Amino acid sequence: MMLLFLMTGSRDLYLLLPCILCILWLAGSGVWLFVQVAGGNYMCLQGQCIRIDTSGLRKQVRAVHLALEQGTVKIPVRYRISKLSEGDTIVVYVAEKTPVYERDGEYIIGNYYAMAIHR
């Protein structure tokens with residue numbers, strides 16, 4: 001919404017062009033995600049958090065380890081999570097074509113659509 005006000009209030013072409021490109025990119029990404037979800041091209045992984053990897057001094061969550069029926073899955077966290085503890089149920093939505101890697105007997109998923117935490 002702020003981009004629309006900025007575009008109408010400014011008459012500068014150099015400012016207007018990046019705003020239009022940003023709007024088009026965001027709209028295209030939203031439509032693509034909607035088509036993927038409406039087509040059922042995603043999977044829902046639900047498991048219990050068994051371990052949390054944190055960064056140095058600030059203790060930000062870097063990765064979450066989930067216990068699933070198929071084994072343990074490590075999921076790197078892309079955003080800040082607060083009040084997460086071991087034993088919480090985590091639901092992760094991933095694309096069907098998401099590559100899964102195995103390392104030291106643990107599966108690693110690098111990309112996901114959304115993550116929900118249930119306490």
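**View 1. Arg51 and its salt bridge in the predicted model.** Arg51 is partly exposed, because its relative accessible area is 42%, a value between the 20% and 50% limits of that class. The structure is a predicted model. Arg51 forms a salt bridge with Asp53, with 3.5 Å between the closest N and O atoms. Asp53 has a relative accessible area of 23% and is therefore partly exposed as well. The count of salt bridges comes to one.

**View 2. Polar contacts of the His65 side chain.** His65 belongs to strand 2, which covers residues 61-67. With a relative accessibility of 2%, His65 counts as buried, since buried means under 20%. The side chain of His65 makes a polar contact of 2.8 Å with the side chain of Asp53. A polar contact of 2.6 Å joins the His65 side chain to that of Glu106. Asp53 thus appears in this view as a contact of His65 and in View 1 as the salt-bridge partner of Arg51.

**View 3. The seven-stranded sheet.** The sheet is open and has seven strands, arranged in the order 5-6-3-2-1-4-7 with mixed pairing. Strand 5 (100-103) and strand 7 (114-118) are the edge strands, each pairing on one side only. On average, neighbouring strands of the sheet are turned by 35° against each other, direction ignored. Strand 2, which holds His65, stands between strands 3 and 1 in the order.

**View 4. Pairing of strands 1 and 4.** Strand 1 (residues 42-54) and strand 4 (residues 89-95) run antiparallel and are joined by seven bridges. In general, the strands of a sheet pair through backbone hydrogen bonds, either parallel or antiparallel. Cys44 stands opposite Tyr93, a residue of strand 4. Tyr93 is also one of the residues of the nonpolar patch shown in View 5.

**View 5. A nonpolar patch on the surface.** The patch is formed by Trp32, Leu33, Val37, Tyr42 and Tyr93. Together these residues have about 450 Å² of accessible area. Helix 2 (residues 13-38) supplies the largest share of the patch, three residues. One of the patch residues in helix 2 is Val37. Val37 counts as partly exposed because its relative accessibility is 38%, and this value also meets the patch requirement of over 30% relative accessible area.

Key
Residues are numbered from 1 along each chain as its sequence is written. This is a predicted model: local features need pLDDT of at least 70, side-chain atom pairs count only at pLDDT 80 or more; totals for chains, interfaces and linings use all residues. Side-chain values use heavy atoms; hydrogens and water are left out. Patches are made of residues with over 30% relative accessible area and no salt bridge: like charges are joined within 9 Å, nonpolar side chains (Val, Leu, Ile, Met, Phe, Trp, Tyr) within 5 Å. Accessible areas come from the Shrake-Rupley method with a 1.4 Å probe; for residues, only the protein chains shown count as cover. A salt bridge is a side-chain nitrogen of Lys or Arg within 4 Å of a carboxyl oxygen of Asp or Glu. Helices (H or I, at least four residues) and strands (E, at least two) are DSSP runs, numbered from the N terminus. Buried means under 20% relative accessible area, exposed over 50%, partly exposed in between (1.4 Å probe, protein chains only). Two strands pair if DSSP finds at least two bridges between them. Axes are lines fitted to C-alpha atoms, for helices over the stretch in contact, and angles run from 0 to 180 degrees between N-to-C directions. A polar contact is a pair of N or O atoms within 3.5 Å; within protein, one must be able to donate a hydrogen and the other to accept it, and residues adjacent in sequence count only if both atoms are side-chain atoms.
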